[in-house]
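Take a look at the model below. Follow the chain from end to end, then read on.

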Amino acid sequence: MSTNDSNIVPREKLAKFELTEESLNSFRKNQNIPLDLYNKDGQILIHKKRNPTEADFGKLLKFEMQGVYFLISELKKNKPNGNEKPYLEPGRTTKLFDVEKTARFAKQSQALIEELRKTSFSSDQAVFVQNSVNELLTDFTSNPDFELGIFNILEILSVAGVSVESELMTKRTVVAMGMKVRTRKIVNEGKEESNKKDHLSLMMASYLMDVGYSRLEVKQTPKLTKEEYAVVQQHPIISYLMTLPAPEVESHVRTLILNHHRPYRGNGVNNNFPDPRSLFTKLMSVRDKYNREVGKERITQDIELQLHLQENNVTTSSFEEDIAILSLASEYASLTSNQPWRPAFKSSTALKMILNDSFFSYSNKNIRHLLDYVGSSLTNNENIINFGDFVITASVDSERRAHFDICLVLDVGRYQTRPKLQRICSINPVFQKGIKFKIADFDLKSIKIDRRKAIMDLALQAGTTRVIYTIDPELNPALHEAVYKLNLNS
């Protein structure tokens, strides 16, 4: 590699190349490296070439953490409109869901919801749901681009002509499936068949977890009273009870349904519901009722199992991951769907809103699973955290005190939740407890400038620092304008 200054390309002429296992495999498959690739200093790493060797790939992998770049002008040669988007490896633009099949899935879901308003959940309905989600999963994983492609679910449902309830159910199941399949593949490569049972259990839970709403009278308004919200908080219990008549629904699926709004463990400050004590009391009451009835032994056994799990706080990391996936998929589905009191949000806006509301609801790992593994697939390959953005991070010190910093994004690699950042200042959040705990805003009077302009690369750190807020000019224009001016003058 030459170090002659005349051969160095200025950084402003380069764009980041997403060096992933998938992109390397596409090079191997096509026996071609289609671009000249450079290091962060603009020095050539490898020229475009036919029939690259494993030694060539090894050279690239040595620079994976520092970053690999390509000439922006290369894009203009291949794109008539000169759009300067980063190189996308083959498969990333593939639309993963079949329009006809997905629309049929949504219409069948709508019919099921209408039936559940009048009748109990039956074995025939349980078998229908199992077959439907199994077909959805099989189609998804049989697509060679399922790890990369676009989740075109919003596009399909926008013209499917189904009810909001069906749209939510379909969207939630698809997003939960994608998160589960992709995260499990990352940590459990090569065991796809043994994972299928877990995937189907999560999808069954995602499909059925809100059927309890069919038995509730809920006001169509964003401003519920505490009493009305208390009614809403009972829907996991009602959904669970509705599935009890069907033995085809496994106890593990029912456990997920019962706990799908509990992504945080313990009873500290969080947005989990229903309250463990009320949940336990309700289950005890239902168990006692069924104990007095003949032929209900299977149902009482299931309730006894749920009581045991609740009382002893029996859990696993996989279970906690599944609960968070269900909750996140549900939030995304709701935000991107038209509601009586507001239109649907754009996919990218919905993801930003989930991130900005995550501090009391999700762990760093939970948010990573959403944004890093399916985030860009939900937004047509666009990240929600990019170079030049302002974000707020949170970290916890040895005395368990939280610290919040405003940072400028310097670089975003493969994972958008782990960017390279420059610290601008510290700031205090404004906490609010209404129906839920949340960060209502940030106190501009509390700002303390970091004169060192400290730089931290979250991709290289294993600490507690996490991005918890993106300062978006549309979502929080006052904060964005203040931070923009502050950064300009500092």
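The text below goes through the domains, one interface and some salt bridges.

This is a predicted model. Start with the domains. The domain assignment of the protein chain gives three stretches: domain 1 (11-78), domain 2 (99-336) and domain 3 (386-489).

Now turn to domain 2 and domain 3. Their centres, taken over C-alpha atoms, are 33 Å apart. The two domains do touch: 7 residues of domain 2 are in contact with 4 residues of domain 3. Together they bury about 600 Å². Of that area, 60% lies on carbon and sulfur atoms. Which three residues supply the most on the side of domain 2? They are Tyr229, Val269 and Asn271, which supply 60% of the area that domain 2 buries against domain 3.

What kinds of residue make up the side of domain 2 that touches domain 3? That side has 4 nonpolar residues, 3 polar ones and no charged ones. A salt bridge pairs Lys or Arg with Asp or Glu, so a side with no charged residues has no partner to offer. The count of salt bridges across this interface is indeed 0. Polar contacts give 0 residue pairs as well, with both residues at pLDDT 80 or more.

Salt bridges do occur elsewhere. The whole structure holds 25 of them. Side chains of opposite charge can pair when their charged atoms come close.

Take Lys49 and Asp56. Their side chains meet in a salt bridge, with N and O 3.0 Å apart. Is each partner buried or exposed? Lys49 is partly exposed, because its relative accessibility is 30%. Asp56 is at 10%, under the 20% limit, so Asp56 is buried.

Arg287 and Glu304 form another salt bridge, and their closest N and O atoms are 3.3 Å apart. This pair links distant parts of the chain. Arg287 sits in helix 12 (residues 276-291), while Glu304 sits in helix 13 (residues 297-312). The two residues are 17 residues apart. Arg287 has a relative accessible area of 16%, so Arg287 counts as buried. Glu304 has 37%, so Glu304 counts as partly exposed.

Next, stay within one helix. Asp372 and Arg368 both lie in helix 16 (residues 364-378). They are 4 residues apart, about one turn of the helix. Their side chains meet in a salt bridge of 3.0 Å, N to O. Both Asp372 and Arg368 are buried.

Salt bridges can also share partners. Asp405, Arg423, Asp450 and Arg452 are joined this way into one network.

Definitions and conventions: Residues numbered from 1 in each chain as written. Predicted model: local features only at pLDDT ≥ 70, side-chain atom pairs only at ≥ 80, totals over all residues. Heavy atoms only, no water. Domains from an automatic or database assignment. Contact = heavy atoms within 4.5 Å. Buried area = accessible area lost by both parts, 1.4 Å probe. Salt bridge = Lys/Arg side-chain N within 4 Å of Asp/Glu carboxyl O. Polar contact = N/O pair within 3.5 Å; in protein donor to acceptor, adjacent residues only side chain to side chain. Nonpolar A, V, L, I, M, F, W, Y, C, P; charged D, E, K, R; others polar. Buried < 20%, exposed > 50% of the residue type's maximum accessible area, 1.4 Å probe, protein only.
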